[in-house]
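Biologist: Please take me slowly through the largest pocket, and then show me what is built around it. I'm at the bench most days, so keep it plain.

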Amino acid sequence: MFRNQYDSDVTTYSPQGRLHQVEYAMESQKLGSVITGVRSNTHVVLAAIKRSSGPLCSYHEKIFDVDSHCGIALAGLAADGRGLCRYLRREAMDHQYVYNSEVPIERLVLGLADKSQQRTQIEGSRPYGVSLIVGGHDRTGPRLFQTCPSGNCYEYYACALGQRAQSAMSFFDRNKEKIAESTEAELVRLAFDALRTTLSEDGDLTPASISVAIAGADGFKKLSDEEVLAFFQG
Amino acid sequence: MSSQFEPYTDNGGTVIAVAGEDFVIIAGDTRLTQNSYCIASRNVSKVAKITDDIFIASAGMQADIFTLQKNLLLHSKQFKQDTGADISLSAFSQYLGNTLYGRRFFPYYTFNIVGGIKPDGTTGIFEYDAVGNFQEYKCSCAGSAASLMFPLLDSQMKGRKTPIPFDEALGLVKDAITSAGERDIHTGDFVKIHVLRRGQAPEETTFELKQD
């Protein structure tokens, strides 16, 4: 009832103790096309459906490498996502420069979470309108995280964001026993199948509209169009 | 009578590069010296890989070499993230020139040679001074024994009508550095030779020089 009075700027609490502007920002990821991340004992797979605004338009890129050992998938305002990607890349490279080692993924994500939190507490700025799935492999093994505009971050074995992501999450829930021991190929297949559950009735996955990346002990790699096609056919 | 802080030191050593039609050989010894007569290390490479198609070899002060090469590597990585493609030889060579001139009034004590394959498949070697002047050549050398090696390189490379064949180029590089190792006290121990070829992964070999 009082929502409209307390939601005009991010530094105002509602009487219930909520920050409505932050909650509105968190809605933005639901507008994006679906992204999924899933983690086994050895690998992390990120998969995304790319959107294009029409047959004459190219597909919007959803998955980006951050460093040789990790990368992100974004859902929400893509421009905000690109800015955060630039930040993550600089942070990872800075760590490499100073410590001569790959930045631990948890540390990278926490830095991003702190940066997001600042935007929830400063008059005049708005929270980032994008949620990221961050996946990679570091000294602690494969790791998978989700960040959101509130500044919270969560670690997952499987997660999904975007339009109709709930069906992907339900799919992962039904198949959760299979995840930990999956091989690399099985994990990709799981990610694909999760994406499929989010499609509308007449929609289908096509190789051109899918992005996949795999992270393992040998690093983070986005699959080329040919490799995605091979997974499709195989 | 008190001495002022001296920011520079020369760690010695020599680097050389020779370009053929579809290959580039870039090599450097691995000896580091200090205070003229001390050996700081027998096994530190002066040659760094920037991409599969670009290598840089540097002689001079090891601290500046290490930092410069590290910065160049990271910048090239950033280039790839920002543009989606590996940095080209001409872009990298220009960037190095700019970087060196950026320190015109407190230079990197480094004498650099950049060697690589261009996107069209041709080869190039770029020779730099400490403040960023650079020029393209078919062969070059730098470092403590450069003045010993240049005459040998000139005699073999100047006035060639055709590009030097690979075996001859490799022999030239080995002979040049071996001879340098005989007479220059700062050059010796090991040589790391890198061969870049169009469309292939770079190959590295090591051979020994005298340890005296």
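Modeller: Let's start at the middle of the pocket, keeping in mind that this is a predicted model. The largest pocket has 18 lining residues, and the ones nearest its centre are Asp65(A), Lys77(B), Lys80(B), Gln81(B) and Asp86(B). So both chain A and chain B are named at the centre. Its volume comes to about 540 Å³.

What kinds of residues make up that lining? Nine are charged, six are polar and three are nonpolar. As for where they come from, α1(B) gives the largest share, with seven residues. The elements that each put at least two residues into the lining are β3 (63–67) of chain A, plus β5 and α1 (62–83) of chain B.

Two of those contributors are strands, and each belongs to a sheet, so let's follow them outward, chain A to begin with. In chain A there's an open sheet of five strands, in the order β3-β4-β5-β6-β7, with antiparallel pairing. Our pocket strand β3(A) sits at one edge and β7(A) at the other; each has a single partner strand, so one side of each has no neighbour in the sheet. From one strand to the next, this sheet twists by 20-something degrees, or to be exact an average of 25°. Further along the sheet, β5 (residues 130–138) and β6 (residues 141–147) of chain A run antiparallel and are joined by seven bridges. Within that pair, Leu132(A) has Thr147(A) of β6(A) standing opposite. Helix α2 (residues 78–99) of chain A packs on this sheet, where it touches β3(A), β4 (70–76) and β5(A), and its direction makes about 20° with that of β3(A).

The other edge strand of the chain A sheet, β7(A), has a link of its own. Glu155(A) and Arg39(A) join their side chains in a salt bridge, at 3.3 Å from N to O. That contact ties distant parts of the chain together: Glu155(A) is in β7 (residues 153–155) and Arg39(A) is in β1 (residues 35–39), 116 residues apart. Over all chains, the structure holds 23 salt bridges.

Now for the chain B side of the pocket. Here too is an open sheet of five strands with antiparallel pairing, ordered β5-β6-β7-β8-β9. The edges are taken by β5 (47–51) and β9 (134–137) of chain B, each with a single partner strand, so one side of each is left without a neighbour in the sheet. The average twist from strand to strand is 20°. The pocket strand β5(B) runs antiparallel to β6 (residues 54–60) of chain B, and four bridges join the two. Across that pairing, Lys49(B) stands opposite Phe55(B) in β6(B). Helix α2 (residues 89–102) of chain B lies across β5(B), β6(B), β7 (110–117), β8 (123–128) and β9(B), and runs at about 170° to β7(B).

At the far edge from β5(B) in the strand order comes β9(B). Four bridges hold β8(B) and β9(B) together in the antiparallel sense, and Tyr128(B) has Phe134(B) in β9(B) as its bridge partner. The two strands form a hairpin with five residues between them, and in the turn Gly132(B) has a positive phi of about 105°.

Strand β8(B) also leads us to another pocket. The second largest pocket holds about 300 Å³ of space. It is lined by 16 residues, and closest to its centre are Tyr137(B), Lys138(B), Cys139(B), Met157(B) and Lys158(B). Two or more lining residues come from each of β8(B) and α3 (146–157) of chain B, with α3(B) giving the largest share, three residues. By type, the lining of the second largest pocket splits into seven nonpolar, three polar and six charged residues. For the largest pocket, to put the two side by side, the counts were three nonpolar, six polar and nine charged.

Methods:
Residues are numbered from 1 along each chain as its sequence is written. Chains are lettered from A and ligands numbered from 1 in the order in which they are written. This is a predicted model: local features need pLDDT of at least 70, side-chain atom pairs count only at pLDDT 80 or more; totals for chains, interfaces and linings use all residues. Side-chain values use heavy atoms; hydrogens and water are left out. Two strands pair if DSSP finds at least two bridges between them. Axes are lines fitted to C-alpha atoms, for helices over the stretch in contact, and angles run from 0 to 180 degrees between N-to-C directions. Contact means heavy atoms within 4.5 Å. On a 1 Å grid over the protein atoms alone, a cavity is a set of points where a 1.4 Å probe fits but cannot get out, and a pocket is an open set with protein on both sides within 12 Å along at least five of seven lines; lining residues have an atom within 4 Å of a point. Grid points are joined across faces, edges and corners, and a volume is the space filled by probe spheres set on the points. Ala, Val, Leu, Ile, Met, Phe, Trp, Tyr, Cys and Pro count as nonpolar, Asp, Glu, Lys and Arg as charged, and the others, Gly among them, as polar. A salt bridge is a side-chain nitrogen of Lys or Arg within 4 Å of a carboxyl oxygen of Asp or Glu.
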